[in-house]
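User: I am new to this structure and should like to understand the reasoning behind its description. Please set each value against the criterion that applies.

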Amino acid sequence: MGRYILKRIVAGIFMMFVLTTITFFLMHAIPGGPFSPSEQRNVPKSVLEKIEDKYGLNDPLGVQYVNYLKKLVQGDFGMSFKNADVTVNELIAQGFPVSAKVGLVAIAVALIVGIPLGIISAVKRGKWPDWTSMIFATIGISIPNFVIAVLLLFLFAVILNLLPTFGLTSWKHYILPVAGLAFSPIAYIARLMRSSMLEVMRQDYIRTARSKGVHELSVICKHALKNAIIPIITYLGPLVAILLTGSFVIEKIFSIPGIGRDFVTSIGDRDYSVILGMTVFFGFFIILTNLIVDILYVVIDRRIKIEE
C-alpha cells in the first residue's frame, strides 16, 4: 500500500508539472495580455510598461516560466494582476470554503437521492418506478446544469417568489444552487447504481442468500449494496473535486463568492497568475481525490489488490 501511494504521489507531481507547463505557455500564446494597450486605452503607454516591468511581464517567456516554477515550489501562486495587493493564495483561501460548503451539500444530496433511486429502479425493473427514475435520469444527464439552474431560478424565484436569487446568507440561499449542482450527479448516480445492482443481483451469493430465506431488504442492504456501490465511488472521485472547487457557471448565476466565479472572471481579465494558480489548485484536488478513491476500493472490498 505504501509503495503504491508513493508511486501515485510521484506520478501526481509529474502530472502537475505537465499541467502547469501546458497552461502557462497556452495562456501566453493567446494574443493580448492583462495590461495590453488595447484594453487599457486611458492609461499612457509608458505607465503600462512600468506596470508590466513590476510583474515581470517584459522578461523573456522562459525566464517568466522558471520564476513562476520557483514560486510555485514554495507554495506561492503570486500576486493577482487585476486585484491590487491581493495574492492568489488569498483569493483561494477566501473562495474555497464557500465553494466547498455548497459543493459538500450538493454531493450529500446527490448521494442521498441518487443511490436509493438506482436501487429502487433495479429492484422494480420494468415497472413504473424503474421507468420514472430512468426518465428523470435521462433528463438530468441530457440537460446542462446551468440550464437547470436558470429554469429553477425562473420558477421558484421569479414566478413563485419563494427563494432568493443570489448570495448565501441563509439556508434558503443554498436550495437553488445546490439543486442546480446536484441534478446531473443524481442522474448519473441513479443510472450507475441501477446497472451495478442489476449485475450484482444476478450473482450466485445473492441467490444463495435468498434460498436461505433471508429477507429481501437484508439481501439488498447487506449483500448487494456493498459490491454494487463500487462504481459510485469511482464516479465520486472526480465529482468531489469538481463540486468542492466550485462550479464556474452556477457560482456566476447565483453570485456566489467562490473560487469558480473568481476563475471565470480571471479568464476574462487575462489575469495570468490567478488562471495558473486556480488551474494548479484544481489539478491538485482532482489528483488527491482520485488517490483517496483508489484507497477506498481496498477498504470497501478486500478482494481488490491495489498494487494491480
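Analyst: In this predicted model, Leu-117 belongs to helix 4.

User: Why is Leu-117 called partly exposed?

Analyst: The relative accessibility of Leu-117 is 22%. Buried requires a value under 20% and exposed a value over 50%, so Leu-117 counts as partly exposed.

User: Which residues does Leu-117 contact beyond its neighbours within four places in sequence?

Analyst: With those neighbours left aside, Leu-117 is in contact with Ser-133, Phe-136, Ile-186 and Ala-190. Contact here means heavy atoms within 4.5 Å. As for Glu-216, its C-alpha is 17 Å from that of Leu-117, with the two positions 99 residues apart in sequence.

User: What makes helix 4 and helix 12 oblique to each other?

Analyst: Two packed helices are described by the angle between their axes and the distance between the axes. The axes of helix 4 (residues 88-123) and helix 12 (residues 259-269) cross at roughly 130° and come within 7 Å. An angle over 145 degrees would count as roughly antiparallel, and 65 to 115 as roughly perpendicular. The crossing angle fits neither class, nor the parallel one under 35 degrees, and the two helices are therefore oblique.

User: Which residues meet where helix 4 and helix 12 touch?

Analyst: Helix 4 contributes Leu-91, Ile-92, Gly-95, Phe-96 and Ser-99, which meet Ile-259, Gly-260 and Asp-262 of helix 12. Sorted by class, this contact has 4 nonpolar, 3 polar and 1 charged residues. Gly counts as polar in this scheme.

User: How is Pro-97 classified, and where does it lie?

Analyst: Pro-97 lies in helix 4. Its relative accessible area is 44%, a value between the limits of 20% and 50%, so Pro-97 is partly exposed. The C-alpha atoms of Pro-97 and Ile-259 are separated by 8.9 Å, although the two residues are 162 residues apart along the chain.

User: Why is the pair of Phe-24 and Tyr-68 called tilted?

Analyst: A pair of aromatic rings is described by the distance of the centres and the angle of the planes. For Phe-24 and Tyr-68 the centres are 6.3 Å apart, which satisfies the limit of 6.5 Å for a pair. The planes are 35° apart; stacked would need under 30 degrees and edge-to-face over 60, so the pair is tilted. The whole structure holds 10 aromatic pairs.

User: What does the pair of Phe-24 and Tyr-68 tie together?

Analyst: Phe-24 lies in helix 1 (residues 2-29) and Tyr-68 in helix 3 (residues 61-73), so the pair ties together parts that are 44 residues apart in sequence. Ring pairs also link Phe-24 and Tyr-68 with Phe-25 and Tyr-65 into a cluster.

User: How do you know whether Phe-24 and Tyr-68 are buried or exposed?

Analyst: Phe-24 has a relative accessible area of 3% and Tyr-68 has 10%. Both values are under 20%, so both residues count as buried.

User: Which residues touch the most other members of the largest nonpolar core?

Analyst: They are Phe-77, Leu-176, Met-193, Met-197, Phe-254 and Met-278, in a core of 65 residues. Helix 7 (residues 172-201) gives the most to this core, with 13 residues. Beyond four places in sequence, Phe-77 touches Tyr-68, Leu-72, Val-88, Asn-89, Ile-92, Ser-273, Gly-277 and Val-280.

User: What makes the phi of Asn-161 and of Ser-255 worth noting?

Analyst: Most residues other than glycine have a negative phi. Phi is near 55° in Asn-161 and near 50° in Ser-255, a positive value in each case. Asn-161 lies in the loop between helix 6 (145-159) and helix 7, and Ser-255 in the loop between helix 11 (248-253) and helix 12.

User: Why is Asn-161 called exposed and Ser-255 partly exposed?

Analyst: Asn-161 has a relative accessible area of 61%, which is over 50%, so Asn-161 is exposed. Ser-255, with 35%, falls between 20% and 50% and is therefore partly exposed.

User: How many helices and strands does the protein have?

Analyst: The secondary structure comes to 13 helices and 0 strands. Of the 308 residues, 41% count as buried.

Notes:
Residues are numbered from 1 along each chain as its sequence is written. This is a predicted model: local features need pLDDT of at least 70, side-chain atom pairs count only at pLDDT 80 or more; totals for chains, interfaces and linings use all residues. Side-chain values use heavy atoms; hydrogens and water are left out. Axes are lines fitted to C-alpha atoms, for helices over the stretch in contact, and angles run from 0 to 180 degrees between N-to-C directions. Helices (H or I, at least four residues) and strands (E, at least two) are DSSP runs, numbered from the N terminus. Rings of Phe, Tyr and Trp (its six-membered ring) pair if their centres lie within 6.5 Å; planes under 30 degrees apart count as stacked, over 60 as edge-to-face and the rest as tilted. Buried means under 20% relative accessible area, exposed over 50%, partly exposed in between (1.4 Å probe, protein chains only). A nonpolar core is a set of buried Ala, Val, Leu, Ile, Met, Phe, Trp, Tyr and Cys residues joined through side-chain atoms within 4.5 Å.
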